[in-house]
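Visitor: I'm new to this one and would like a close look at a single part. Could you walk me through it?

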Amino acid sequence: MLEFLKKITKWLVERIFTPVASVIKKTAVGKPVLKLPSPNPPDEGPESKQSEDHPCPFYMKLKLRFRDIGRMNAIIETLGRDFLTAMPEGAYKSRLGQISFLYRRMHEDLANHEVVELIENAHKHQESHPDDWDEWNRANLREMEVMYRHHCRVDPELMEKRARLAYEGRRIHRDVMMTNNWEEGREFLEQMIGLQRVIAESKCLADNDHATETAYQSLLREYMPGTRIEEIEKFFGEIDKKLKVMLPQILEKQGQRDDPIPLEGPFPPQLQMWLNRSLLQLIGFDFKRGGLYETGHNPVEGGTPDDTRLVIKNVDAANFMESMKSALHEGGHGLYIQGLPRDVWRYQPVGQDMGAAVQESQALLVEMILGRTKEYYQYLAPRVEGLFQKFGDEAMSPENLYALKTRVVPTSDRKKADEVTYFFHINLRTKLERALINGELAVKDLPEAWNAELKANLNIEPDNNCHGCLQDVHWFVGKFGYFPSYTLGHMMAAQLFDQMKRDMQDLPERLREGDFVSIRKWLNRNVHKKGRLMRRDELLNEVTGSPLSTAPLLNHLESRYLLRA
Ligand SMILES: [Zn+2]
């Protein structure tokens, strides 16, 4: 028995105690034997700067904190995509809880005293050791501060409530669009606007710079950092004035030509999605990091550079051009998201996009500007003629497809609007949402105000509120301050297109031959890979030599719609 105990003790000492003691010893002298996960795992890119050592310890801590905030945001994006496409109905309530909880946690991690102390100390380090800070790190710290200031005075509970209401709103909007129930829509919008006002007021309190701004201005900042309402007013005033002269001239000139031949379906939905995916592949969308899906909801842009799942509304079998338009639009967003500097700055503020106006510029450049050129239809026509088995159908000729897509027809539906009258839809929404948020317009008076504006600008009246003030999902998901980004984006797209034509003299031939990859490369070099290194106008100055202006868009509309043969 004694012998046995001795053997056991020897075995324990040799096999267990000694190795453990040596592990502890080695660890104590700084040689860890247990391999801990690296803070910069290889799947996040070998050149990653987000966890690379920096001489400023405060900035290092900030980078790690923002990395984790970014990870949480990526999880929310994934849950959001799932909500739109695959989530079973029964998971609705628990999903709302999950998403709003994560928003709250993200907000708590961002808006707290530790972050502000780290930012202050990092600024001091930047002043005393300027050589340690390259332009990317400087911009990253700047954007961290912008994010902090933007959120610091908003109660986490409000953010949780906003997230929940946004996802509920998506569902309520879908139902209201089916039932045309104005009362249900009104009740929800009143609740949402009330919450948005409280959030906006907290944002105004964030610092002295914003103490006197209106509620609407403080909401604008979330989507377009640095953009002022006065600047929007000036741009919109110029466009409004010019288009009010140009539109009757365009309609008159159009009236002298034969009407294009309408498309005759059916265009099987499966084939449409095949076409849409193929077009995205042609422009260089990476399907290894994303995909294109349909939804019964109204889609919204989003996703991350590693998981860019684009979502479009269920296709209409009668008209393949509608789903193609949405796919090109979302594809423009998708190329931008996938082209952000993810290997280096994945979750850092400087690695994100430059805001809603630049986002929309990328979507509208692909959808409205390139996707409505004669050359694009010369490429597309013979292919869709074959795909949909419409051999010899005159409606499928390049000239007819181009004429259909560039036909100017005032409509009450923003999503079906042509490139010229699109502005009036955005102008109307900007005006009304500003009045709603600033408390100058009550929701109960919205239908009347909406219909009066539409009548004054486009001389049409919607049949009902679903085709009028309830049609967009934006207000239902709380996106007040987003609409102006469509027009600023359209302006920016036209300005970038001018430069692209100067840089690529053979652009028309490239489009005709379906060489869209060189276009994506140009966009990536000039826009996408810059992340949030600079602001919109700095980017435009660098790429085109001038800040944002209305002239390129107005010239583009004039030459495409008025001067063309
Ligand atoms: Zn968009």
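At what angle do helix H11 and helix H13 pack, and how far apart are their axes?

Guide: Happy to. Keep in mind that this is a predicted model. Helix H11 covers residues 320-339 and helix H13 covers residues 356-369. The two pack at an angle of about 135°, and their axes lie 7 Å apart. An angle of 145 degrees would have to be exceeded for roughly antiparallel, and roughly perpendicular stops at 115, so H11 and H13 count as oblique to each other. As for handedness, H11 passes H13 in a right-handed crossing.

Now for the residues that touch. On the H11 side you'll find Lys325, Leu328, His329, Gly332, His333, Tyr336 and Ile337. Across from them, H13 brings Val358, Gln359, Glu360, Gln362, Ala363, Leu364, Val366 and Glu367. Sort the residues of this contact by character and you get 7 nonpolar, 5 polar and 3 charged.

How far can you trust the picture? Over the whole chain the mean pLDDT is 90, with 90% of residues reaching 70 or more. Confidence is highest in helix H18 (residues 484-503), at a mean of 98, and lowest in helix H1 (residues 2-28), at 51. Over residues 17-43 the pLDDT drops below 50, and that stretch has 16 contacts in the model beyond near neighbours in sequence. Where pLDDT is low, the predicted coordinates shouldn't be read in detail.

Key:
Residues are numbered from 1 along each chain as its sequence is written. This is a predicted model: local features need pLDDT of at least 70, side-chain atom pairs count only at pLDDT 80 or more; totals for chains, interfaces and linings use all residues. Side-chain values use heavy atoms; hydrogens and water are left out. pLDDT is the predictor's confidence in each residue, from 0 to 100. Helices (H or I, at least four residues) and strands (E, at least two) are DSSP runs, numbered from the N terminus. Contact means heavy atoms within 4.5 Å. Axes are lines fitted to C-alpha atoms, for helices over the stretch in contact, and angles run from 0 to 180 degrees between N-to-C directions. Angles under 35 degrees count as roughly parallel, over 145 as roughly antiparallel, 65 to 115 as roughly perpendicular and the rest as oblique. A crossing is left-handed if the near helix is turned anticlockwise from the far one by less than a right angle, and right-handed if clockwise. Ala, Val, Leu, Ile, Met, Phe, Trp, Tyr, Cys and Pro count as nonpolar, Asp, Glu, Lys and Arg as charged, and the others, Gly among them, as polar.
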